[in-house]
Amino acid sequence: MLSETKGLHVVAQTPFHPDGAVDHDSLRTLSQFYYRHGAQGLTVLGVSGEAQKLTMDESVAVAAGFVAAAEGRRIIAGVSSPNLAQMVELTRQVMAEGCDAVMICPPGGLRTDEDLMRYFEAVFERIGDVPVVLQDFPAASGVVMSVPAIVRLLEAFPQIGVIKAEDFPSPKKISRLRAETTRPVRILTGNNGQYLVQELERGADGPMAGFSYPEMLSGVYELMTEGRRAEAHDLFNRFLPLLKHEAQGQWGIALRKEMLRRRGALACAALRGPGPKLDDTDLAELDFLLSRMDLPA
């Protein structure tokens, strides 16, 4: 299925109740919101989905909830962990629940291309033929994967069907990947969608990002695939102030969840602790920004 991956794959938030318990009812309303606004699939248990705050059992249950709401759409589960045994076990369980693939970012501490190869040899010895999205995100992992190193991984491991490109400068790296990869591979882009138009111009197959207005992400992708470049830039620029405002780490996730609550996708905007809580000043700033943007409900 990864060979067919294109278009918007939203990095889904994990909904919580005010007491920090997972809100399983909101898994369905959130999924329906994403699909209604153009998502072709979801990436769950990502960093912005607060996966690091979940237990193993909760992670599996959240993935299962998104699968149940997907109605055949693609669900990719983030399983990255510095503990290889835990990563392998989470992979086994989410795939058993019906996920279509897993996303893996190499753990910190890998310093050379040989380290990288040895790590993924160990991974695939244990998970076998599970389809994999390779996350290239050195800002989070501390692992720099050069284009030649990624090409070596693609040649050695056919299970890798998608690259999530989040290195900087992402447009230039996408151009190199398109020029130097030796077999077909899909490229989706993250970094909160901040460079989406340029990344699509360089050959990306769609965004894998979170934003409280996913219809902008899917709309830009559709306009670019239709060759309507200027209109794609205009649509992107219309939403840019809020997109930028949300791109502030965990505090930005709090803003995004508040927006999703306002739009009816979530019952509660809470992050699980430890995490930021928006105060009255934060909310007033958000209100003022929105008043200047004239965005749809």
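**Close-up 1. Helices H4 and H6 side by side in this predicted model.** Here H4 (residues 113-127) runs past H6, their axes coming within 10 Å and crossing at roughly 25°. Angles under 35 degrees count as roughly parallel, so that makes H4 roughly parallel to H6. The crossing of this pair, H4 and H6, is right-handed. On the H4 side, look for Asp-113, Glu-114, Leu-116, Met-117 and Phe-120; they meet Ala-149, Arg-152, Leu-153 and Ala-156 in H6. Sorted by class, the residues in the contact of H4 with H6 come out as six nonpolar, no polar and three charged.

**Close-up 2. Helix H6 again, now with H7.** H6 (residues 147-156) packs on H7 at an angle of about 45°, and the two axes are 10 Å apart. That angle makes H6 oblique to H7. H6 passes H7 in a right-handed crossing. The H6 residues to pick out are Val-147, Pro-148, Ile-150 and Val-151, which meet Lys-173, Arg-176, Leu-177 and Glu-180 in H7. The tally for the contact of H6 with H7 is five nonpolar, no polar and three charged residues.

**Close-up 3. The loop between strand E6 and helix H7, with Asp-167 in it.** Strand E6 covers 160-165 and H7 covers 170-180, and Asp-167 sits in the loop between them. Is Asp-167 buried or exposed? With a relative accessibility of 14%, Asp-167 counts as buried, because the cut-off for buried is under 20%. The side chain of Asp-167 makes a polar contact of 2.9 Å with the side chain of Lys-173. Leaving aside neighbours within four places in sequence, Asp-167 is in contact with Asp-136, Pro-138, Lys-173 and Asn-191. Lys-173 also turns up in Close-up 2, among the H7 residues that meet H6. Pro-169 has its place in this loop between E6 and H7 too, and the bond joining Phe-168 and Pro-169 is a cis peptide bond, with omega about -5°. For context, most peptide bonds are trans.

**Close-up 4. Arg-272 and a cis proline in the loop between H11 and H12.** Arg-272 is found in the loop that links helix H11 (249-262) to H12. Its relative accessible area is 13%, so Arg-272 is buried. Which residues does Arg-272 touch, leaving aside its neighbours within four places in sequence? Arg-272 is in contact with Phe-16, Gly-20, Ala-21, Val-22, Glu-50, Lys-53, Leu-54 and Glu-58, once those neighbours are left aside. Pro-274 lies in this loop between H11 and H12 as well. The peptide bond from Gly-273 to Pro-274 is cis, and omega is near -5°.

**Close-up 5. Helices H1 and H2 packed together.** H1 (residues 24-36) and H2 (residues 56-70) pack at an angle of about 45°, with axes 9 Å apart. That makes H1 oblique to H2. H1 and H2 cross in the right-handed sense. H1 brings His-24, Leu-27, Arg-28, Leu-30, Ser-31 and Tyr-35 to the contact, while H2 brings Ala-61, Val-62, Gly-65, Phe-66, Ala-68, Ala-69 and Ala-70. By class, the contact of H1 with H2 has nine nonpolar, three polar and one charged residues.

**Close-up 6. Two positive phi angles, at Leu-45 and Glu-71.** Most residues other than glycine have a negative phi. Leu-45 is not a glycine, yet its phi is positive, about 65°. Leu-45 sits in the loop between strand E2 (41-44) and H2. Glu-71 has a positive phi as well, near 50°, and lies in the loop between H2 and strand E3 (74-78). Which side of the buried/exposed divide does Leu-45 fall on? Leu-45 is buried, with a relative accessible area of 5%. Glu-71, on the other hand, is exposed, at a relative accessible area of 64%.

**Close-up 7. Leu-295, in the segment after helix H12.** Helix H12 covers 280-291, and Leu-295 lies in the segment after H12. Leu-295 is buried, with a relative accessible area of 17%. Leaving aside neighbours within four places in sequence, Leu-295 is in contact with Tyr-213, Arg-238, Phe-239, Leu-242 and Leu-290. To place Leu-295 against another part of the chain, take Gly-108: the two are 187 residues apart along the chain, and their C-alpha atoms are separated by 40 Å.

Terms used: Residues numbered from 1 in each chain as written. Predicted model: local features only at pLDDT ≥ 70, side-chain atom pairs only at ≥ 80, totals over all residues. Heavy atoms only, no water. Helix = DSSP H or I, 4+ residues; strand = E, 2+ residues; numbered from the N terminus. Buried < 20%, exposed > 50% of the residue type's maximum accessible area, 1.4 Å probe, protein only. Contact = heavy atoms within 4.5 Å. Polar contact = N/O pair within 3.5 Å; in protein donor to acceptor, adjacent residues only side chain to side chain. Axes fitted to C-alpha atoms, helices over the stretch in contact; angles between N-to-C directions. Parallel < 35°, antiparallel > 145°, perpendicular 65-115°, else oblique. Left-handed = near helix turned anticlockwise from the far one by under 90°. Nonpolar A, V, L, I, M, F, W, Y, C, P; charged D, E, K, R; others polar.
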